[in-house]
2 protein chains.
Amino acid sequence: MAGAERGPRERMVFSAAQLIRREGVGATGMREVAAHARAPRGSLQHYFPDGKEQLVNEAVGWAGRYAGNRVARFLAALPEPTPSGLFAEMVRQWTDEYESEGFDGGCPVAAATVDCARTADSTRQAVEAAFTRWTGAVAGALADMGVPEERSRPLATLMISSLEGAILIARAERSVRALTTAARELGPLLDAAVTRPAKGGGSGGSVGS
Amino acid sequence: MAGAERGPRERMVFSAAQLIRREGVGATGMREVAAHARAPRGSLQHYFPDGKEQLVNEAVGWAGRYAGNRVARFLAALPEPTPSGLFAEMVRQWTDEYESEGFDGGCPVAAATVDCARTADSTRQAVEAAFTRWTGAVAGALADMGVPEERSRPLATLMISSLEGAILIARAERSVRALTTAARELGPLLDAAVTRPAKGGGSGGSVGS
DNA sequence: CGGCTACTATGACAGCGGTCATAGCAGCGA
DNA sequence: TCGCTGCTATGACCGCTGTCATAGTAGCCG
């Protein structure tokens, strides 16, 4: 999740995602975003002429792409890919963060949903697109592992649902219990959905950026 | 979820929960809560001398009790209680609402988590208590159905995680797909955890208010 | 140099939010 | 009637936020 040193615009989008996932959309100010990104305040209205809504939407889009791309990396890290192994990696990203950096952060997509789904329809659409992209990546991975097509999308949705909910509970309890529980209880169900042998070799798949 | 006509204090707590679940905590104003509850604005500082934080905490507590008590009603509504049947009822509460009233509302506990978990620790504790109460009610119900003790709490956590996450996705997609998917995919896993015959008769159990 | 474009720098503004201060009122016991 | 208590009624304050207006700078082309 390193933000690297891209242009100021990209840094602001990245910083917006970071702040939103900690404080929520409403409590994240534009001046705060600029300061966090070490970007000049004047650049806000230059790069995001449509204001906060545009910035939030781009932050959500960034998070969706990030989550989707991350799936391919998880697959590459697994010796032999299995659905439960993928889900365990998805969960582990969060347990690692919580154990090393505390329970301050959540999912920016979830935050945008809670704060804007009713009010700002463009943001709701951005959230929908983010979930779609993420789900598509996971479903593609499942299909590559031999999960039948008609089950891969539902199971991907279930994985993401459980993960998002477990993140909420983990933050509330300041404990990774809900996350590890989800991984442990859901794993067998996911592996049981594999009917054909996995296609292809080690890496790659239908997931790309 | 009928609010009945209790005292003004209770109405304000109820209205706070309603507004929070729609707009989020940050976007919900105190004047707005009073107006929604048709309660005098002056009563705010009288009943909630600790300000917004107290009101939010009580709204979260109310939601936790509501969700917990609801479990017993779901059980009573089932001809013969099964874990999958209980989960289906929990999901159905949301699909019913979304199909009849639109996708404006979410879970107030989730909203409080996203908006306050990092900033207001008392609210975080209220959220934790709400999840604990809800989980306890579901776990108790599972145990009564014959799920072994060491599995009932993890499975209850998984059910609530999946439900919360599916609620987020449903709002984003303006579709109940994620909710029905969770119920369908998780049902068999839950029923498979039953090892002993259910104890007791039709209603009742270890869940109370 | 002029002129143009990309970006930055401030200051102001209008609105809203939670909170406080103060005062009013109704009821009731003595 | 007095005084006390529970509740209501307003108005003001201060801080913050998103946004706009305006002006400035840097670089590049001709």
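How do the residues of the surface near DNA strand D divide into nonpolar, polar and charged, and how many fall into each class? They divide into three nonpolar, six polar and three charged, where Ala, Val, Leu, Ile, Met, Phe, Trp, Tyr, Cys and Pro count as nonpolar, Asp, Glu, Lys and Arg as charged, and the others, Gly among them, as polar.

This is a predicted model, in which local features need pLDDT of at least 70 and side-chain atom pairs count only at pLDDT 80 or more, while totals for chains, interfaces and linings use all residues. Residues are numbered from 1 along each chain as its sequence is written, and chains are lettered from A and ligands numbered from 1 in the order in which they are written.

**The chain**

Chain A has nine helices and zero strands, helices (H or I, at least four residues) and strands (E, at least two) being DSSP runs numbered from the N terminus. The radius of gyration of chain A, taken over C-alpha atoms, is 18 Å, close to the 17 Å that the globule rule gives for 209 residues, so chain A is as compact as a globular protein of that length; the rule is 2.2 Å times the number of residues to the power 0.38. Along its principal axes the C-alpha trace of chain A spans about 55 × 35 × 35 Å.

**The DNA surfaces**

A residue is near a strand if its C-beta atom, placed from the backbone, lies within 6 Å of it. Both chains contribute residues to each surface, as the table sets out.

| DNA strand | Residues from chain A | Residues from chain B |
|---|---|---|
| D | G29(A), M30(A), R31(A), Q45(A), G51(A), K52(A) | P8(B), P40(B), R41(B), G42(B), S43(B), H46(B) |
| C | P8(A), P40(A), R41(A), G42(A), S43(A), H46(A) | G29(B), M30(B), R31(B), Q45(B), G51(B), K52(B) |

For DNA strand C, α3 (42-47) of chain A and α2 (30-36) of chain B each supply at least two residues, and the largest share, three residues, comes from α3(A). The surface near DNA strand C has three nonpolar, six polar and three charged residues.

**The two chains together**

In chain B, 41 residues are in contact with 41 residues of chain A, contact requiring C-beta atoms, placed from the backbone, to lie within 7 Å. The elements giving two or more residues to this side of chain B are α1 (8-23), α6 (108-116), α7 (121-144), α8 (149-173) and α9 (177-191), and the largest share, 16 residues, comes from α8(B). By class, this side of chain B divides into 20 nonpolar, 10 polar and 11 charged residues.

A rotation of 180° with 0.0 Å of shift along its axis superposes chain B on chain A with an RMSD of 0.0 Å, using least squares on the C-alpha atoms of residues with pLDDT of at least 70 in both copies. The two copies are thus related as by a two-fold rotation axis, and 100% of the contact residues of chain B recur in chain A, the same surface serving both.

**A helix pair within chain B**

Helix α4 (residues 52-77) of chain B packs with α6(B) at an angle of about 145°, their axes lying 9 Å apart; axes are lines fitted to C-alpha atoms, for helices over the stretch in contact, and angles run from 0 to 180 degrees between N-to-C directions. The contact joins V56(B), A59(B), V60(B), A63(B) and G64(B) of α4(B) to P108(B), V109(B), A112(B) and C116(B) of α6(B), and these residues divide into eight nonpolar, one polar and no charged.

Terms used: Two residues are in contact if their C-beta atoms, placed from the backbone, lie within 7 Å.
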